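Below is a set of questions and answers on a protein and DNA model, written for a reader who wants the cut-offs stated next to the values.

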Number of protein chains: 2
Amino acid sequence: MLSERQMMILRAVVRDFTNTGVPVGSKALAKQLPIHVSSATIRNEMAALEEQGLIKKTHSSSGRIPSVEGYRYYVDHLVKPDPLRPNDIDVIQSSLGGDFHKIDEIISQSATILSNLTSYTAFTLKPELKDSRLSGFRLVPLGKRQIMAILVTDSGDVENQTFDVAGDVDGEQLEAVVRLINDQLVGLTLPEVLRKLQADIPAKIAHYLQSPQGFLDIFGDVLTRAAQERFYVGGRLNLLNFSQDSDVDSLKSLYSLIDKTDDIASVLGQPSDKISVRIGNEMTNDALRNFSLITATYDVDQHGQGMIAILGPTRMPYSRMLGIVGAFREELAKKLLDYYRFYDE
Amino acid sequence: MLSERQMMILRAVVRDFTNTGVPVGSKALAKQLPIHVSSATIRNEMAALEEQGLIKKTHSSSGRIPSVEGYRYYVDHLVKPDPLRPNDIDVIQSSLGGDFHKIDEIISQSATILSNLTSYTAFTLKPELKDSRLSGFRLVPLGKRQIMAILVTDSGDVENQTFDVAGDVDGEQLEAVVRLINDQLVGLTLPEVLRKLQADIPAKIAHYLQSPQGFLDIFGDVLTRAAQERFYVGGRLNLLNFSQDSDVDSLKSLYSLIDKTDDIASVLGQPSDKISVRIGNEMTNDALRNFSLITATYDVDQHGQGMIAILGPTRMPYSRMLGIVGAFREELAKKLLDYYRFYDE
DNA sequence: TCTTAGCACTTGATTAGTTTGAGTGCTAAA
DNA sequence: TTTAGCACTCAAACTAATCAAGTGCTAAGA
C-alpha cells in the first residue's frame, strides 16, 4: 500500500524519467514537488518505494528509475491521459479528412498518422467480423495465358492473385470449377473452406480439370492470405531511434517479428475494450524487452472491431501516448462509420 | 601507369582490406606477396600508389586502405570474378528449382537468394519491354458495392485495385466505359494513355457516368502503378550490419531511399550489358557514400531485359560478388526462358 | 514519531598522462 | 634499385586523478 506522498513521488519519478531519460535523484525531486519536504525525506520515501520494487537504482549511488512494476503501478493507478494538443487535432483532422475509396486506405493511413503523432511505430488492423465467410470466388481470364483468381469474403475483404496457365484454357471448364466452388463453399467460414479444400473438393474438381493440383495451389494460396489478419505498420524506421548502443541483433529480430504476418496476433494479444498497456518483459517476446506496447480496439457497430497499437520504448511518456491512442480510436471509428454509411447508403 | 609490381601490391591491399577491414601495412604485405622483396621496397611502392591517389592512410603512420579510385582501378583492371562455391550452386539450384506460377514469384525469390548468397541487400527487376502498352482494362463487380479495376499490359504486367462505389452500379454504364477505354486506348504506351487520360477522355466518359471523377481517379491510380517499375528487395535488414557507429540518420535516409519506388531507377542507373560496379561517392546520392552497388542486366530474348543488383559496403569482396552476380544473371535468364517456354508452349 | 541537516561513502564520467605496437619516411650503404 | 636501420607518429589501451551527483545513515530537532 502506498501513501499519498509515495504516489506523488512515484508519479514524479516516472514523469521525470520518461521526459529526460536521466535517473532522478532526491534533490531534484524535492525542488519540484508541490509539497515542501527535504531531500532526506524524499530519500526515505524512495527507499520505501524501492523496497516495494517500484523503482530501482542503476548503480549503488545513482538516482532512481522506475522498474517495470513501477510503470505498471503508474499506468494502472496514477496516470491521467493528456488531452490532445491543438496541433495533433489538426494533424488527425487533415490526414483523415480526405476522400477514400477503400477501407484499407483509411487503415493504412491511420498507421502513418499514429506514428507521426507519437514518433514511435504504429500498427493498425481493420475492423473484422469474428468469422468472416466466403462470399464469392472468381476466375477472370486476362490475356492469352493469364488468369486472375479473386476471392471475396462477406466482410468485404478481397484477395486476388494472378497466375500463368499452360496450354489453352477451356472457358467452360473454368466456369464449371468456379460454379462448383461457389455452390459448395460459399457461406462457410474460411477455416472450414480450408478444411474442405483438403478433403472432398479435390476429387470433385478432378471431374473438370485434368491437372487440378495447380488450381488447388492457387486457391489455397488466396484463401490462406484472406484468412490471415492484415495489418499496417507506420513509422517502422522509428525503431532505429531506440536501438541502444546499436544492438543490431535485437533490432533485426524486432523487425522480423514485425514483418512476419502470422505473429502479429500473438504480439498484439487479445482484444479488450479498455486500452491496454504492456510493459517490457510483461510481453513474452524477448525482442520486446525494452519496449512497451499500447493497444486499443475500436468498434464500428455491426462492421466489427478493429485495433490500433503503438510500440515504443519502455520509457515513453504514457500520459501523452494514452491521450493520443484514446482520442484516435474515437476519430477512426467515427470516420469509418461515415465511410460505411456513405457506401451502404 | 602502374608497374606489374604495383598492380600486384594494389591487388593485395584491396583483397586484404576487404577481407579483414584492417588497414594493411608494408610488413604484412612483404610476407604475403609471391615475389620476395623487403618491406622497405613495398613502402616505396606504396608511396608511389598513394601519390597516384589509389590508396591512402587513415592517419599519418597507419597502414594503407584503398581509395575510391583504388577500388575503381582494381575493379576495372585487376579483379577476376571468383567461381561459385559448390554450396552457392546448391543454394541457387534448389531455390530456383521449384515450380512457379508467376514471373513475380521468381523475381522476388531471386532477390532473396541473392541477399542470402551475399549477405548484403539485393534488388531485382523483372524483364521489361522498353515501352509496354496497354492491352486490356476491366471492371469486375465483386459484391454489392465493390468493384475491381484490372489493367493488363502487353508485357504481361497486371495491376489491380479494389474500390467501393456509392449507390447502385449500372452494369451497362460500366460496360460502356470499359468498352470506351479499350477502344480508344489499347495499344498505346502507358505514358500516352496517361496523357490522354488528362486530355480528351474525361469528356467522353461524362456521357456514360454522372460522376466520372471517381472513376478517373481509380483508373489513373492503377495506371501510374502499372507504369512504375516494380522491384523486389531482399535482405533489407542486412543494411543494419554496416551502419557504422549506429548512425541512425544516414541509415534512415538509406531505407527511405530503398522504399521509395520512384527513386530506384535513379539509384540503379542506366542498364548496360556489362556488369557495372559503382563505388561510394561515384553515386551521387549521399546516403550511399559508404556503399557500393553492383548491377547487371539479364536478357530473356524477346521478353525484354531485367536487372539484378546488390548493395553492400564499399569494402566488399568484389571478386566473390562479381562471381555471384555474373553466375546468377545467367541462371535467372535460363530459368525465365524455361518458364516462358513452358507457358508460351 | 516524523523530519531534516550533515557527513562519509559510492559510482560513472571526464580528463590527462603513459605505454605499447604497428607502421611510416628517410638516409645511407650494398 | 634494393634494403637495413632508425627516428618519428599515431591510435588504442590502460592508469590515475578529479568531479559531480547521489545515496544511506546518524543524531538532533519539532
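Q: Which residues does A:Ser292 touch, not counting residues up to four places away in sequence?
A: The model is a predicted one, in which local features need pLDDT of at least 70 and side-chain atom pairs count only at pLDDT 80 or more, while totals for chains, interfaces and linings use all residues. Side-chain values use heavy atoms, with hydrogens and water left out, residues are numbered from 1 along each chain as its sequence is written, and chains are lettered from A and ligands numbered from 1 in the order in which they are written. With contact taken as heavy atoms within 4.5 Å, the residues touched by A:Ser292 are A:Arg278, A:Ile279, A:Gly280, A:Met283, A:Ile310, A:Leu311, A:Gly312, A:Pro313, A:Thr314, A:Met316 and A:Tyr318.

Q: Is A:Ser292 buried or exposed?
A: A:Ser292 has its place in strand 9 (residues 291-299) of chain A, where strands (E, at least two residues) and helices (H or I, at least four) are DSSP runs numbered from the N terminus. The classes are buried under 20% relative accessible area, exposed over 50% and partly exposed in between, with a 1.4 Å probe and protein chains only. Because its relative accessibility is 0%, A:Ser292 counts as buried.

Q: Which side chain does a polar contact of 2.8 Å join to that of A:Ser292?
A: A polar contact is a pair of N or O atoms within 3.5 Å; within protein, one must be able to donate a hydrogen and the other to accept it, and residues adjacent in sequence count only if both atoms are side-chain atoms. The partner whose side chain is joined to A:Ser292 by such a contact is A:Tyr318.

Q: Which element gives the most to the surface near DNA strand C?
A: A residue is near a strand if one of its heavy atoms lies within 4 Å of it, and 19 residues lie around DNA strand C, with A:Ser38, A:Thr41, A:Ser60, A:Ser61 and B:Ser26 coming nearest. A base oxygen of this strand is 3.2 Å from an N or O atom in the side chain of A:Arg43, and the elements that give two or more residues to the surface are helix 3 (39-51) of chain A together with helix 3 (39-51) of chain B. With four residues, the one that gives the most is helix 3 of chain A.

Q: How far is a phosphate oxygen of DNA strand D from a polar backbone atom of B:Ser38?
A: B:Ser38 is among the residues that come nearest to DNA strand D, and sugar and phosphate account for 75% of the atoms of that strand within 4 Å of the protein. For the polar backbone atom of B:Ser38, the phosphate oxygen is at 3.0 Å.

Q: How many residues apart in sequence are the parts that B:Glu45 and B:Arg5 tie together?
A: A salt bridge is a side-chain nitrogen of Lys or Arg within 4 Å of a carboxyl oxygen of Asp or Glu, and in the one between B:Glu45 and B:Arg5 the closest N and O atoms are 2.7 Å apart. Since B:Glu45 lies in helix 3 of chain B and B:Arg5 in helix 1 (residues 4-20) of chain B, the pair ties together parts whose separation in sequence is 40 residues.

Q: Is B:Glu45 buried or exposed?
A: B:Arg5, its salt-bridge partner, counts as partly exposed because its relative accessibility is 31%. At 11% relative accessibility, B:Glu45 counts as buried.
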